[in-house]
Amino acid sequence: MRIIFVTNLELWSMGMGKGGEAFTQTIKKYKNDNNLVYLVSDIAKNQKTNIINPKYNILVKPSFAKKFIHIRKIGLLFRYIDHFITTYRFEKAIIRIINQKKDVQTVLYAYEVNGVKACKNVSMRFKLPLVTRFQGTKMVSYQYTWRNRILRYPHYQALGTAADLIIMTDDGTKGAEILDNIGNQSPRLFLKNGLDLMKNDAAIDASELRSRYVKNAGDTIFLTVSRLTGWKRVDRVIHGFADYLRQGGKGKLIIVGDGDCRTFLEELACDLKISENIYFTGAVKHEDVYKFMACADVFLSFFDMSNVGNPLLEAMTIGKCIVTYDVGDTKKLINGSNGVLLTAQTLHRLGDVMLELSQNPQKRENLGKKAKEYAMANFMTWEKRMDIEYEAVLSLGH
C-alpha cells in the first residue's frame with residue numbers, strides 16, 4: 001500500500017531526536033510494514049531524516065506569505081494567502097506521486113491542519129481514502145462562531161472536513177466535543193500518545209545528573225518539560241518557584257525545552273532575581289528527558305489548554321510527584337490521590353504547594369507511586385498505540 005503523508009510540521013517538535021516523537025513514530029510504523037511511504041512537506045529540516053528514502057521525501061517550496069502571518073492586523077490576510085498557496089503546491093506534489101503508479105492502493109494521510117485541504121481535494125478527484133490526523137486541537141480555547149471560523153482559519157476548516165477516518169491525540173483538549181460542535185461525524189479514533197513503559201527510576205542512572213544540580217542535602221529539584229511557547233505558560237512555574245524561594249525553600253528549577261519564549265522566560269527569572277536557581281537546558285534528546293525526570297523530585301505542568309501531554313504522562317510513568325493545572329481533561333488523570341491539581345482559584349498557592357512537597361518526602365513518594373500505578377494500568381507503549389491506528393488505516397486501503 002502507498003501512504004502519502006502531507007504536512008507542514010517537522011518530524012520532531014524541537015529538532016531531530018528532540019521534543020515530541022509522535023510524527024516520527026507514525027512514519028516508522030507505516031514504513032516498517034513495507035508500505036511505500038511518501039512525505040510531502042514544506043519543511044526543509046524534514047529532508048535531513050534517514051527515516052524515509054530521499055526519493056520519497058518531497059519538499060514543496062514554502063509560500064512567501066509565511067513570514068508575514070504573525071504580523072498584527074495583516075497577519076490574517078497572509079494566513080489565508082499562505083494556506084491557498086500551500087494547498088495548491090501540496091496538491092500538485094500529491095498528483096505527481098499518484099501519476100507515477102496509478103494502480104497502487106493509496107491512502108492520503110493529512111498530518112495536521114495545513115495538509116487537509118489538499119488531501120481532501122485529491123481524494124475526491126481520484127476517489128482515494130482520506131485520513132486526517134490532529135495532535136489535539138487548540139480550538140478548545142474558542143467558541144465555534146462565524147467570527148472564530150474566519151479568525152481561526154484554516155483550523156476550523158480542517159477539523160470540519162469529512163474524512164474516512166479522523167485520528168486525534170487524546171491529549172485532553174476535548175477533540176470529540178469540538179468535532180461534535182462543528183458537526184463532523186466522520187469515523188474517529190482517539191488515542192493517547194504511546195510511551196516507553198519500560199522506563200523507570202531503577203532503569204535510569206541519573207545520579208551524575210542530579211549531583212550536577214543538587215549542592216546541598218536539603219535541596220529539592222523541580223522540573224518542567226515543554227516547548228517554550230506562550231500557551232505552555234512556563235512563566236507560571238517560574239513565578240511559583242520564586243514564591244517558593246521567598247518562603248525559604250531550597251533547590252533548583254530545571255526547564256527542559258526551547259522555543260520562541262525562551263528569552264522572555266530567562267528575562268523573567270532575572271527580573272525576579274532567581275536566575276542562579278534556574279537552569280534552562282534547551283532542547284535535549286528525547287531519551288535524555290527521562291534522565292531529567294528521574295533526577296527530579298517534583299514535576300510541574302501548567303499549560304493553558306490541557307496538561308495531558310507526553311511530558312506529564314512520561315513523568316507519571318516513572319513515578320514522579322506531579323503538580324499541575326486543572327484545565328481541559330487534566331482532572332481525568334490527576335485526581336488528588338496521584339498528584340496535586342491546582343485550579344484558577346488556587347493557582348496562587350503554587351509556591352506553598354511546592355514548599356509543602358519539599359518538606360514532605362513521604363507525600364512526594366506516595367503521590368508518585370499512585371501516579372505510576374495509574375500510568376501502568378492506563379497508558380500504552382508506542383508499539384501498541386501504533387498497532388491500533390495501523391489496523392484502522394490499513395482497512396481503508398482494501
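This is a short tour of one protein chain, stop by stop, with something to select at each stop. Keep in mind that the model is predicted.

**Stop 1: the whole chain**

Start zoomed out, with the chain drawn as a cartoon. You should find 14 helices and 13 strands. How compact is the chain for its length? Its radius of gyration is 22 Å, close to the 21 Å that the globule rule gives for 398 residues, so the chain is as compact as a globular protein of that length. If you turn it along its principal axes, the C-alpha atoms fill a box of roughly 70 × 45 × 40 Å.

Now switch on the surface. The chain exposes about 18,300 Å², and 50% of that comes from carbon and sulfur atoms. Under the surface there is plenty to look at, since 55% of the 398 residues count as buried. The contacts tell you something about the fold too: take those between residues at least 6 apart in sequence, and 68% of them join residues at least 24 apart.

**Stop 2: a ring pair between helix 1 and helix 14**

Time for side chains. The structure holds 20 aromatic pairs, and we'll visit two of them. Select tyrosine 30 and tyrosine 390 and show them as sticks. Their rings meet edge-to-face, 5.3 Å centre to centre, with 70 degrees between the planes. The label edge-to-face applies because the angle is over 60 degrees.

Where in the chain do the two partners come from? Tyrosine 30 is in helix 1 (residues 22-32) and tyrosine 390 is in helix 14 (residues 382-394), so this pair links parts of the chain that are 360 residues apart. Are they buried or exposed? Tyrosine 30 has 0% relative accessibility and counts as buried, and tyrosine 390, at 4%, counts as buried as well.

Stay here and widen your selection to Phe5, Phe23, Tyr30, Tyr109, Tyr111 and Tyr390, which form one aromatic cluster. Then add lysine 29: it lies over the face of tyrosine 390, at 5.2 Å from the ring centre.

**Stop 3: a ring pair between strand 8 and helix 8**

Next, select phenylalanine 222 and phenylalanine 241. This pair is also edge-to-face, with 6.0 Å centre to centre and 65 degrees between the planes. Phenylalanine 222 belongs to strand 8 (residues 220-225) and phenylalanine 241 to helix 8 (residues 234-246), 19 residues apart. Phenylalanine 222 is buried, with a relative accessible area of 0%, and phenylalanine 241 is buried with a value of 0% too.

**Stop 4: along strand 8**

Keep phenylalanine 222 in view and select the rest of its strand. How many of the six residues of strand 8 are buried? Six of the six are, which leaves the strand mostly covered. Look at which way the side chains go: Thr220, Phe222 and Thr224 point one way, while Ile221, Leu223 and Val225 point the other way.

Now bring in strand 9 (residues 251-256). Strands 8 and 9 pair in the parallel sense over six bridges. To see one of the matches, select leucine 223, whose bridge partner in strand 9 is isoleucine 254.

**Stop 5: helix 11 and its surroundings**

From strand 8, move to helix 11 (residues 310-317). Eight of its eight residues are buried, so this helix is largely enclosed by the rest of the structure. What does it pack against? Its buried residues pack against strand 8, helix 10 (286-295), strand 11 (298-301), strand 12 (321-325), helix 13 (361-378) and helix 14. You have already met strand 8 and helix 14 on this tour. Just after helix 11, click on glycine 319, which has a positive phi, near 75 degrees.

While you are here, select tyrosine 325 and arginine 236. The charged end of arginine 236 sits over the ring of tyrosine 325, 4.7 Å from its centre.

**Stop 6: two residues of helix 2**

Finish at helix 2 (residues 75-100), which contains threonine 87. Threonine 87 has 6% relative accessibility and counts as buried. Leaving aside neighbours within four places in sequence, threonine 87 is in contact with Lys117, Ala118 and Asn121.

Isoleucine 85 lies in helix 2 as well. With a relative accessible area of 21%, isoleucine 85 is partly exposed. Not counting residues up to four places away in sequence, isoleucine 85 touches Ser63 and Phe64. For a last check with the distance tool, pick the C-alpha atoms of isoleucine 85 and tyrosine 111: they are separated by 18 Å.

Technical notes. Residues are numbered from 1 along each chain as its sequence is written. This is a predicted model: local features need pLDDT of at least 70, side-chain atom pairs count only at pLDDT 80 or more; totals for chains, interfaces and linings use all residues. Side-chain values use heavy atoms; hydrogens and water are left out. Rings of Phe, Tyr and Trp (its six-membered ring) pair if their centres lie within 6.5 Å; planes under 30 degrees apart count as stacked, over 60 as edge-to-face and the rest as tilted. Helices (H or I, at least four residues) and strands (E, at least two) are DSSP runs, numbered from the N terminus. Buried means under 20% relative accessible area, exposed over 50%, partly exposed in between (1.4 Å probe, protein chains only). A charge sits over a ring if NZ of Lys or CZ of Arg is within 6 Å of the ring centre and within 35 degrees of the ring normal. The radius of gyration is taken over C-alpha atoms; the globule rule is 2.2 Å times the number of residues to the power 0.38. Contact means heavy atoms within 4.5 Å. Accessible areas come from the Shrake-Rupley method with a 1.4 Å probe; for residues, only the protein chains shown count as cover. Two strands pair if DSSP finds at least two bridges between them.
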